[in-house]
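Trainee: Please give me a close look at a single part of this model, and then place that part in the context of the whole chain.

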Amino acid sequence: MPAILLIAVALALAACTPPAGGPAPRAGAGDAASPLIASLSVQPGADSVRLTLQVTNAGTTPVTLSFSSGQSYDFAVRSGGTTLWTWSADRSFMQALRTETLGAGETRTWSESWTPPRGTSGSLTAVATLTSTSHPVERSTEFRLP
């Protein structure tokens with residue numbers, strides 16, 4: 001009897017294990033652990049680039065986001081391995097534990113603009129981060145400047 005129990009447990013564990021080489025679930029991508037769905041949009045303009053992070057609670061219950069400071073989000077622009085701009089770099093944030101509740105189906109949107117230095121062109125990467133300690137989310141996307 002113990003051998004049958006051991007085989008049953010092994011089969012149950014094998015059924016719950018994702019296949020090797022398959023994509024791992026992304027935190028904050030709407031999986032069971034985090035009902036948050038996030039998107040990053042980038043709109044290059046004549047003089048500036050508009051970055052927008054949108055986070056939606058796709059779940060049926062409220063989600064409490066915990067933060068370790070007054071900062072809720074951040075944006076960065078990178079070229080290869082070099083960071084050209086970080087929105088929070090020249091800002092100060094209160095140091096305090098705080099929470100925000102995102103209701104079921106509720107969406108929060110944060111936008112900032114970046115003015116590229118003269119001569120900046122080509123393919124760049126925008127990165128947006130929800131700085132929550134309980135439900136961190138990061139999205140990135142490539143874009144081009146003329």
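Mentor: A residue is called buried when its relative accessible area is under 20%, exposed when it is over 50%, and partly exposed in between, with a 1.4 Å probe and only protein chains considered. His 135 counts as buried because its relative accessible area is 16%. This is a predicted model, in which local features need pLDDT of at least 70 and side-chain atom pairs count only at pLDDT 80 or more, while totals for chains, interfaces and linings use all residues. Residues are numbered from 1 along each chain as its sequence is written, and side-chain values use heavy atoms, with hydrogens and water left out.

His 135 lies in the loop between strand E8 (122-130) and strand E9 (137-145), where strands (E, at least two residues) and helices (H or I, at least four) are DSSP runs numbered from the N terminus. Its side chain makes a polar contact with the side chain of Ser 134 at 3.0 Å; such a contact is a pair of N or O atoms within 3.5 Å, where within protein one must be able to donate a hydrogen and the other to accept it, and residues adjacent in sequence count only if both atoms are side-chain atoms. With neighbours within four places in sequence set aside, His 135 is in contact (heavy atoms within 4.5 Å) with Ser 34, Leu 36, Val 63, Thr 64, Leu 65 and Leu 130.

Leu 130 leads from this loop to the largest nonpolar core, where it is listed with Leu 51, Leu 53, Phe 75, Trp 114 and Phe 143 as having the most contacts among 26 residues. A nonpolar core is a set of buried Ala, Val, Leu, Ile, Met, Phe, Trp, Tyr and Cys residues joined through side-chain atoms within 4.5 Å. The elements that give two or more residues to this core include strand E1 (36-44), strand E3 (63-67), E8 and E9. Phe 143, for its part, touches residues including Val 42, Trp 114 and Leu 124, again leaving aside neighbours within four places in sequence.

For the wider setting, the protein chain has one helix and nine strands, which follow the pattern α-β-β-β-β-β-β-β-β-β along the sequence. Of its 146 residues, 32% are buried, and among contacts with a separation of 6 or more, 66% join residues 24 or more positions apart.
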